[in-house]
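Here is a report on a two-chain assembly with its ligands. Read it beside the sequence and the coordinates.

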Amino acid sequence: MSLRIVVAVKYVPDATGDRHFADDLTTDRDAVDGLLSELDEYAVEQALQIAEAADDAEITVLTVGPADAKDALRKALSMGADKAVHVEDDALHGTDVMGTSLVLAKAIEHAGFDLVVTGMASTDGTAGVVPALLAERLGIPQVTLLSEVAVSGGKVTGRRDGDAASEQVEASLPALVSVTDQSGEARYPSFKGIMAAKKKPVEALDLSDLGIDAADVGLAGAWTAVQEAAARPARSAGTIVKDEGEGGKQLAAFLAEHKFI
Amino acid sequence: MPPAAKASPSGPPPFDPYDPLGLDDLLSDEDRAVRDTVRRWAAERVLPHVAGWYERGELPVIRELARELGAIGALGMPLTGYGCAGASAVQYGLACLELEAADSGIRSLVSVQGSLAMYAIHRYGSEEQRQQWLPRMAAGEVIGCFGLTEPDHGSDPAAMRTRARKDGSDWVLDGRKMWITNGSVAGVAVVWAQTDEGIRGFAVPTDTPGFSAPEIHHKWSLRASVTSELVLDGVRLPADAVLPGVSGLRGPLSCLSHARYGIVWGAMGAARASFEAALDYARSREQFGKPIGGFQLTQAKLADMAVELHKGILLAHHLGRRMDAGRLRAEQISFGKLNNVREAIDICRTARTILGANGISLEYPVMRHATNLESVLTYEGTVEMHQLVLGKALTGLDAFRG
Ligand SMILES: Cc1cc2nc3c(=O)[nH]c(=O)nc-3n(C[C@H](O)[C@H](O)[C@H](O)COP(=O)(O)OP(=O)(O)OC[C@H]3O[C@@H](n4cnc5c(N)ncnc54)[C@H](O)[C@@H]3O)c2cc1C
Ligand SMILES: Cc1cc2nc3c(=O)[nH]c(=O)nc-3n(C[C@H](O)[C@H](O)[C@H](O)COP(=O)(O)OP(=O)(O)OC[C@H]3O[C@@H](n4cnc5c(N)ncnc54)[C@H](O)[C@@H]3O)c2cc1C
């Protein structure tokens, strides 16, 4: 039987652009181009490798986001995913992690799955909690932050690297994994992949298709509210350590104070 | 939706110093995706190392690079079937531009593989020859070269002396080819030779006895590229090694036309890299108390460079659209090659002056591009040859032979 893999991919504002908040304190999406979150490229890559190792597998990439989020799906399809689901609805504007995970969970159930693969965090919101919330909502085991992952015999196994030790973890399918930026470089979309992506199906869904009440999502449905947002103050001048024999110690003290070591 | 249109829904989008004419609007989403793949590959795999390769005059990782280029689909990119990507001419051009923005040597590797060796086999080879070579060449597992030029015959290949004679059903090749890109690393050489039936092409496996390809060193241009001599001493080939689809000079010339088309784009890549280096430098380098970009003389240089650079890209795009529509003539490719390589080398030289002493350093790309383009100016038809092609097309008078 075919192994059904769903990869959740987020469309994020380009971090090299000039990002701003809109008046309602959500991200101003018009101000800057978006792209597939770089950390989610690792998730797509791992899904592709799992699919290549399996006899028969099908990869669906899923995004919740505005119209332009199709670009992120296109990129994942040109890397080699088979089909895509795009959840788009005006009522989603301002949705928090609770709402996002709700919508993702419904869409994943809609698509059908044996394995869900996510990134370790988005590169914009960087909450890093969507994978755990998703697994809870789907009622499946979660093995998160893997730097190595493989599927065989109805199980997903992987390695999680901690500061002091590496853990070998496993879960029986259906399950959710999130993968880190140490899991292996994402491939380049090949030209054939780019051309083929045009013809791959992208299913568009809105909240009513998923049976979600608009009141549970969006700014109004959010469990948290952004009260205020201010640009980071300009960098102040650095500290100059004058080496009079104690320079090394002072440097170490500075780094320790700022929790770099 | 083109990204530029996004920034300001009312009125024209803001001025982009890197795309002053907004030529990005001419591209489709797929075109951009192709360009981004090549740009990222070159940024990660070529740019960090190319100055070192250039300084040492070697391309030690050519086989890895070929495989990676094969994996993304850059080899035989506009060809169809046999593992080729089947991309449009515009997409192929964009790839050439991005590759040459890294180094002309890398673009040459791809041009020779795809537009010369693979194109010749694809267009003029038998079905067996295509099956035998193209899938492995598209994957970068087998590198190809294209042997036309000889020590004594360059611009006038019709006078070539390499001969193929029939011996029973076999062919036996004798002669020398010179300045052959990829020669020493090739698994197959497409060699053009005189026969009793005119000039014919042969797919020569490079492990055939009598074939050797010593590398040419002591070059001051295309140093990150393998250039070789081909020595053919009684190279015995079976009857089916000849490319059945063509005889006469038309065969190699049509391949050259295809490769030249890629150069029309590629040269603008070298020019773009040099222009951007000069622009960035002019904005930050200060003399006489202000950035050198603030002096009128520097601005005149930058403005003229930008004008020629983007005119050249526009011309390349125009030719690409004609090629995709099946309406591109060889004279038009000559037009493009003549203009774009000549202007590109001028842009690189001007960029060199803006960088002052740093301009001659390998830490900046401009001198490397400028010296590379000396080869590009000569191969695939010298400036003079393209002037003669256009001159003949304009006047109807053939000036090739005095
Ligand atoms: C500037 C800013 C401020 C915000 N402030 C708040 C706030 O105060 N409180 C709050 O609750 N939310 C806030 N959000 C949240 C926004 O709702 C989250 O971006 C979103 O819920 C997902 O969380 P995340 O991006 O942090 O995901 P993470 O948990 O970091 O993402 C992990 C993985 O989940 C998957 N994933 C996440 N989002 C999507 C998606 N849309 N489609 C498909 N896959 C996805 C990806 O695989 C990703 O790698 C803010 C967002 C921004 C950009
Ligand atoms: C780095 C490099 C890689 C190359 N790779 C390949 C390859 O892969 N395969 C291959 O087959 N060749 C290759 N070449 C060879 C290249 O195509 C030739 O050098 C080119 O065709 C010019 O030939 P030539 O050098 O013999 O010059 P010549 O033909 O001797 O020309 C010398 C000069 O005389 C001028 N000239 C000649 N005839 C006329 C005329 N009738 N009127 C006016 N001016 C004239 C020319 O324009 C030129 O300025 C390569 C060359 C270089 C430098």
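## Backbone, ligands and contacts

B:Trp179 sits in strand S3 (residues 170–181) of chain B. The model is predicted. At about 65 degrees, the phi of B:Trp179 is positive, although this residue is not a glycine. Is B:Trp179 buried or exposed? B:Trp179 is buried, because 21 other C-beta atoms lie within 10 Å, and the cut-off for a buried residue is 20 or more.

Chain A has a backbone feature of this kind too. Phi of A:Leu25 is near 65 degrees, a positive value in a residue other than glycine. A:Leu25 belongs to the loop between strand S2 (11–13) and strand S3 (34–36) of chain A. Its surroundings hold 14 other C-beta atoms within 10 Å, so A:Leu25 is partly exposed. A peptide bond also stands out. From A:Leu173 to A:Pro174 the bond is cis, with omega near 0 degrees. A:Pro174 lies in the loop that links strand S10 (166–172) and strand S11 (175–179) of chain A. Most residues other than glycine have a negative phi, and most peptide bonds are trans.

**Chain B and ligand 2**

Chain B is divided into domain 1 (22–138), domain 2 (144–248) and domain 3 (251–395). The C-alpha centres of domain 2 and domain 3 of chain B are 30 Å apart. Their contact takes 13 residues from domain 2 of chain B and 9 residues from domain 3 of chain B. On the domain 2 side of that contact, 8 residues are nonpolar, 5 are polar and none is charged.

Where does ligand 2 lie? Domain 2 (144–248) and domain 3 (251–395) of chain B both give residues to the shell around ligand 2, so ligand 2 lies between them. The shell has 19 residues, and the closest are B:Leu148, B:Gly154, B:Ser155, B:Thr382 and B:Glu384. Elements giving two or more residues are strand S1 (144–147), S3, helix H11 (366–378) and helix H12 (383–395) of chain B. S3(B) supplies the largest share of this shell, 3 residues. S3 of chain B is also the strand that holds B:Trp179.

UniProt, in an unreviewed entry, annotates two spans of chain B. Residues 28–141 carry "domain: Acyl-CoA dehydrogenase/oxidase N-terminal". This span is 72% helix and 0% strand, and its end C-alpha atoms lie 31 Å apart. Residues 248–394 are listed as "domain: Acyl-CoA dehydrogenase/oxidase C-terminal". Here the end C-alpha atoms lie 25 Å apart, and the span is 78% helix and 3% strand.

**Chain A and ligand 1**

Chain A has 7 helices and 12 strands. Its C-alpha trace spans about 70 × 45 × 40 Å along the principal axes. Of the 261 residues in chain A, 41% are buried. Among contacts in chain A with a separation of 6 or more, 71% join residues 24 or more positions apart.

Ligand 1 is surrounded by 31 residues, the closest being A:Asp96, A:Gly119, A:Ser122, A:Gly125 and A:Ala127. Elements of chain A that give two or more residues to this shell are helix H1 (38–53), strand S4 (57–64), helix H3 (97–111), strand S6 (115–119) and helix H4 (130–138).

**Between the chains**

In the contact between the chains, 12 residues of chain A meet 17 residues of chain B. On the chain A side, helix H2 (70–79) and helix H5 (191–197) each give two or more residues. H5(A) gives the most, with 4 residues.

The table sets out the make-up of three groups of residues.

| Group | Nonpolar | Polar | Charged |
|---|---|---|---|
| Shell around ligand 1 | 14 residues | 13 residues | 4 residues |
| Shell around ligand 2 | 9 residues | 9 residues | 1 residue |
| Side of chain A that touches chain B | 5 residues | 2 residues | 5 residues |

**The nonpolar core**

In soluble globular proteins, nonpolar side chains tend to be buried together. The largest nonpolar core here has 191 residues. Those that touch the most other members are A:Val7, A:Val44, A:Val61, A:Leu62, A:Ala76, B:Ala117 and B:Phe202. Helix H8 (residues 250–284) of chain B gives the most to this core, with 17 residues. Beyond four places in sequence, A:Ala76 touches A:Val7, A:Val9, A:Leu36, A:Val44, A:Val61 and A:Ala81.

Methods: Residues numbered from 1 in each chain as written. Chains lettered and ligands numbered in written order. Predicted model: local features only at pLDDT ≥ 70, side-chain atom pairs only at ≥ 80, totals over all residues. UniProt positions renumbered as here; feature names shortened; annotations may be inferred. Contact = placed C-beta atoms within 7 Å. Nonpolar A, V, L, I, M, F, W, Y, C, P; charged D, E, K, R; others polar. Near = placed C-beta within 6 Å. Core = buried A, V, L, I, M, F, W, Y, C linked by C-beta atoms within 7 Å. Buried ≥ 20, exposed ≤ 12 C-beta atoms within 10 Å, placed from the backbone. Domains from an automatic or database assignment.
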